[in-house]
Amino acid sequence: AGAVADSPSVRMIELIEMLRPGDKGDRVKELQKLLGLEQQGTYGPRTERAVKEFVLNDTFARVNSDMG
């Protein structure tokens with residue numbers, strides 16, 4: 001695995017694609033840690049909001065870098 005594959009944002013995207021609201025467990029805690037949230041282990045409204053914000057910001061950054 002290279003540096004890109006091991007980056008936190010790549011792992012966060014993997015977790016976002018894998019997890020859904022209502023999920024519980026260590027993977028949810030890992031996602032919450034990467035998002036800078038309290039690690040409760042339950043994918044609730046706070047985690048869902050942070051995921052949506054991350055996805056919007058990540059998409060915006062990618063579009064801007066593709067255009068620049």
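Helices here are DSSP runs of H or I, at least four residues long, numbered from the N terminus. With that in hand, open the model, which is a predicted one, and start at proline 8, in helix α1.

**Stop 1: proline 8**

Select proline 8 and switch on the surface. Is this residue buried or exposed? Its relative accessible area is 53%, and exposed means over 50%, so proline 8 counts as exposed. Now add leucine 34 and draw a C-alpha to C-alpha distance: you should get 6.9 Å, although the two residues are 26 apart in sequence.

**Stop 2: the whole chain**

Zoom out and colour by secondary structure. You'll find three helices and zero strands, running α-α-α from the N terminus on. The protein chain has 68 residues, and 24% of them are buried. Show the full surface and you're looking at about 4,900 Å² of exposed area, with 53% of it coming from carbon and sulfur atoms. If you like contact maps, take the contacts with a separation of 6 or more: 18% of them link residues 24 or more positions apart.

**Stop 3: where α1 meets α2**

Select residues 8–18 for helix α1 and residues 26–34 for helix α2, then draw the two axes. They sit 10 Å apart, and the helices pack at an angle of about 135°. That value is over 115 but not over 145 degrees, so α1 and α2 are oblique to each other. The crossing is left-handed.

Show side chains next. On the α1 side, the contact uses Pro8, Arg11, Met12, Leu15, Ile16 and Met18. On the α2 side, pick Arg27, Glu30, Leu31 and Leu34. What kinds of residue make up this contact? Colour by type and you get seven nonpolar, three charged and no polar ones. Proline 8, from the opening stop, is part of this set, and so is its distance partner leucine 34.

**Stop 4: glutamine 32**

Stay in helix α2 and select glutamine 32. Why does this glutamine count as buried? Its relative accessibility is 1%, and the cut-off for buried is under 20%. To see what surrounds glutamine 32, leave aside neighbours within four places in sequence and show Leu37, Glu38, Gln39, Gln40, Gly41, Thr42 and Thr47, which are in contact with it.

**Stop 5: threonine 47**

Follow that last contact across to threonine 47, in helix α3, which covers residues 45–67. Threonine 47 has 3% relative accessibility and therefore counts as buried too. Not counting residues up to four places away in sequence, threonine 47 touches Leu31, Gln32, Leu35, Leu37 and Thr42. Leu31 should look familiar, as it also belongs to the contact between α1 and α2.

**Stop 6: valine 51**

Move along helix α3 to valine 51. With a relative accessible area of 6%, valine 51 is buried. Which residues does valine 51 contact, leaving aside its neighbours within four places in sequence? Display Ile16, Leu31, Leu35 and Tyr43. Of these, Ile16 belongs to the α1 side of the contact at Stop 3, while Leu31 belongs to the α2 side.

For a final distance, pick the C-alpha atoms of valine 51 and isoleucine 13: they are separated by 9.4 Å, with their positions 38 residues apart along the chain.

Note on methods. Residues numbered from 1 in each chain as written. Predicted model: local features only at pLDDT ≥ 70, side-chain atom pairs only at ≥ 80, totals over all residues. Heavy atoms only, no water. Helix = DSSP H or I, 4+ residues; strand = E, 2+ residues; numbered from the N terminus. Buried < 20%, exposed > 50% of the residue type's maximum accessible area, 1.4 Å probe, protein only. Contact = heavy atoms within 4.5 Å. Areas by Shrake-Rupley, 256 points an atom, 1.4 Å probe, with all protein chains shown as cover. Axes fitted to C-alpha atoms, helices over the stretch in contact; angles between N-to-C directions. Parallel < 35°, antiparallel > 145°, perpendicular 65-115°, else oblique. Left-handed = near helix turned anticlockwise from the far one by under 90°. Nonpolar A, V, L, I, M, F, W, Y, C, P; charged D, E, K, R; others polar.
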